[in-house]
Amino acid sequence: MNRHNKADKPHLTLLSKIVLVLCSILIIAGILSLIFYVETDATRSRVIFSMFEVTVMVFLIFLPKMVRRIMHLKIPPIMEILFVTFCFCTLILGDVADFYGRFGWWDKLQHALSGCLLGILGYIIINTFNKFDGYKVKFSPVFVCFWVACFSLAAGALWEIMEFTTDELFGLNSQQYLQTRGTFDDAQPLLGHEALRDTMYDLMLDLAGSVVIAIIGFFDLKKQQGHLIASLALESDSPEENNAREGRLRTREAGKLNKEGRLNTREAD
């Protein structure tokens with residue numbers, strides 16, 4: 001029994017372990033730089049905020065493990081790898097390593113990828129709720145694709161609100177409203193239409209990425225035996241939940257059989 005529980009215990013993927021070690025090194029380096037090297041307040045603020053983002057990255061590494069332990073959901077390793085990779089590219093490479101400032105296309109790439117990931121998450125949400133609830137709701141492919149696009153766009157809007165909030169509170173340039181691109185840059189702000197360009201491009205890229213996933217899902221759902229979208233669901237590792245769901249399914253199937261039997265009897269009479 002103990003061996004079985006130990007085998008079922010969620011573990012970090014190899015990628016998550018590597019990123020965790022790197023984050024630990026960055027935190028130690030940040031502490032040492034604050035003690036021995038940083039002299040100006042501007043540099044100190046940047047190092048502290050970078051350490052905060054590294055700490056957030058550490059939390060995100062353990063988030064899939066926490067979801068499984070608290071909500072009893074099995075997250076496939078490939079989903080965890082995609083999630084950790086995207087967070088690493090956004091927080092560590094984008095902000096801490098200043099890829100946003102060095103490469104003008106980095107922010108756009110992240111938003112396009114986030115649109116795709118959010119589109120996949122939209123399909124996962126529908127399939128998971130249907131699976132755990134025991135019902136197989138027959139949504140039309142058009143409705144499911146519309147939901148996926150709307151979900152991704154709404155999540156993208158929430159991200160933009162978060163960026164605006166951090167810019168207001170910490171004087172950052174997350175929404176790239178300054179004449180330079182770096183998150184920690186201090187430059188003159190853009191004026192008029194140009195100040196809105198980055199936010200609107202980000203939302204359009206979120207939508208474009210989700211539309212790509214929605215189109216792929218549409219043609220998969222149109223197939224009579226399409227399995228790509230149907231496989232996007234989380235599994236429960238709770239024996240009680242699995243037994244209860246199987247019981248509901250058996251009860252529902254028995255009800256269908258009884259109903260069909262009554263209809264056949266009436267037709268025979």
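Is tryptophan 147 buried, exposed or partly exposed, and what is its relative accessible area? In this predicted model, tryptophan 147 is partly exposed, with a relative accessible area of 28%. The value lies between the 20% limit for buried residues and the 50% limit for exposed ones, which is why the intermediate class applies.

## Aromatic pairs

Tryptophan 147 takes part in a ring pair with phenylalanine 151. A search of the whole structure returns eight aromatic pairs. In the pair of tryptophan 147 and phenylalanine 151, the ring centres are 5.4 Å apart and the planes make an angle of 35°, an arrangement classed as tilted. The angle is neither under 30 degrees, as stacking would require, nor over 60, as an edge-to-face pair would require, and therefore the tilted class remains.

Both residues belong to helix 7, which covers residues 141-170. They are four residues apart in that helix, about one turn. The partner ring differs in its exposure class: phenylalanine 151 has a relative accessibility of 19% and counts as buried, whereas tryptophan 147 is partly exposed. Phenylalanine 151 is assigned to the buried class because its value is under 20%.

Elsewhere, ring pairs join Phe99, Phe103, Trp105 and Trp106 into a cluster.

## A nonpolar surface patch

A nonpolar patch on the surface is formed by Ile28, Ile31, Leu32, Ile35, Phe36 and Tyr37. Together these residues present about 690 Å² of accessible area. One of the members, leucine 32, is located in helix 2, residues 14-36. Leucine 32 has a relative accessible area of 41% and is partly exposed. Patch members must have over 30% relative accessible area, so leucine 32 satisfies this criterion while remaining in the partly exposed class.

## Salt bridges

The structure contains five salt bridges. Three of the pairs are listed below with the separation of their closest N and O atoms.

| Acidic residue | Basic residue | Closest N and O atoms |
|---|---|---|
| Aspartate 41 | Arginine 44 | 2.9 Å |
| Aspartate 107 | Lysine 108 | 3.5 Å |
| Glutamate 194 | Arginine 197 | 2.7 Å |

Aspartate 41 and arginine 44 both lie in helix 3, residues 41-71, and are three residues apart, about one turn of the helix. Aspartate 41 is exposed at 60% relative accessibility, while arginine 44 is partly exposed at 28%.

Glutamate 194 and arginine 197 are likewise separated by about one helical turn, because they are three residues apart in helix 8, residues 193-222. Glutamate 194 is partly exposed, with a relative accessible area of 37%, and arginine 197 is also partly exposed, with 29%.

Aspartate 107 has a relative accessibility of 4% and counts as buried. Aspartate 107 and its partner Lys108 belong to a network of salt bridges that also links Asp198 and Asp202.

## The loop between helix 7 and helix 8

Asparagine 173 is situated in the loop between helix 7 and helix 8. Asparagine 173 is buried, with a relative accessible area of 0%. A polar atom of the asparagine 173 side chain lies 2.8 Å from the backbone oxygen of threonine 180. When residues up to four places away in sequence are left aside, asparagine 173 touches Asp167, Leu178, Thr180, Arg181, Gly182 and Thr183. Thr180 thus appears both in this contact list and in the backbone approach to the side chain.

Glutamine 176 occupies the loop between helix 7 and helix 8 as well. Glutamine 176 is buried, with a relative accessible area of 7%.

Leucine 196 is placed in helix 8 and is exposed at 52% relative accessibility. The C-alpha atoms of leucine 196 and tyrosine 177 are 7.4 Å apart, although 19 residues separate the two along the chain.

## Backbone positions with positive phi

Most residues other than glycine have a negative phi. Glutamine 176 has a positive phi of about 50° and is not a glycine. Aspartate 98, also not a glycine, has a positive phi of about 60°. Aspartate 98 lies in the loop between helix 4 (77-96) and helix 5 (99-102). With a relative accessibility of 16%, aspartate 98 counts as buried.

Definitions and conventions:
Residues are numbered from 1 along each chain as its sequence is written. This is a predicted model: local features need pLDDT of at least 70, side-chain atom pairs count only at pLDDT 80 or more; totals for chains, interfaces and linings use all residues. Side-chain values use heavy atoms; hydrogens and water are left out. Rings of Phe, Tyr and Trp (its six-membered ring) pair if their centres lie within 6.5 Å; planes under 30 degrees apart count as stacked, over 60 as edge-to-face and the rest as tilted. Helices (H or I, at least four residues) and strands (E, at least two) are DSSP runs, numbered from the N terminus. Buried means under 20% relative accessible area, exposed over 50%, partly exposed in between (1.4 Å probe, protein chains only). Patches are made of residues with over 30% relative accessible area and no salt bridge: like charges are joined within 9 Å, nonpolar side chains (Val, Leu, Ile, Met, Phe, Trp, Tyr) within 5 Å. Accessible areas come from the Shrake-Rupley method with a 1.4 Å probe; for residues, only the protein chains shown count as cover. A salt bridge is a side-chain nitrogen of Lys or Arg within 4 Å of a carboxyl oxygen of Asp or Glu. A polar contact is a pair of N or O atoms within 3.5 Å; within protein, one must be able to donate a hydrogen and the other to accept it, and residues adjacent in sequence count only if both atoms are side-chain atoms. Contact means heavy atoms within 4.5 Å.
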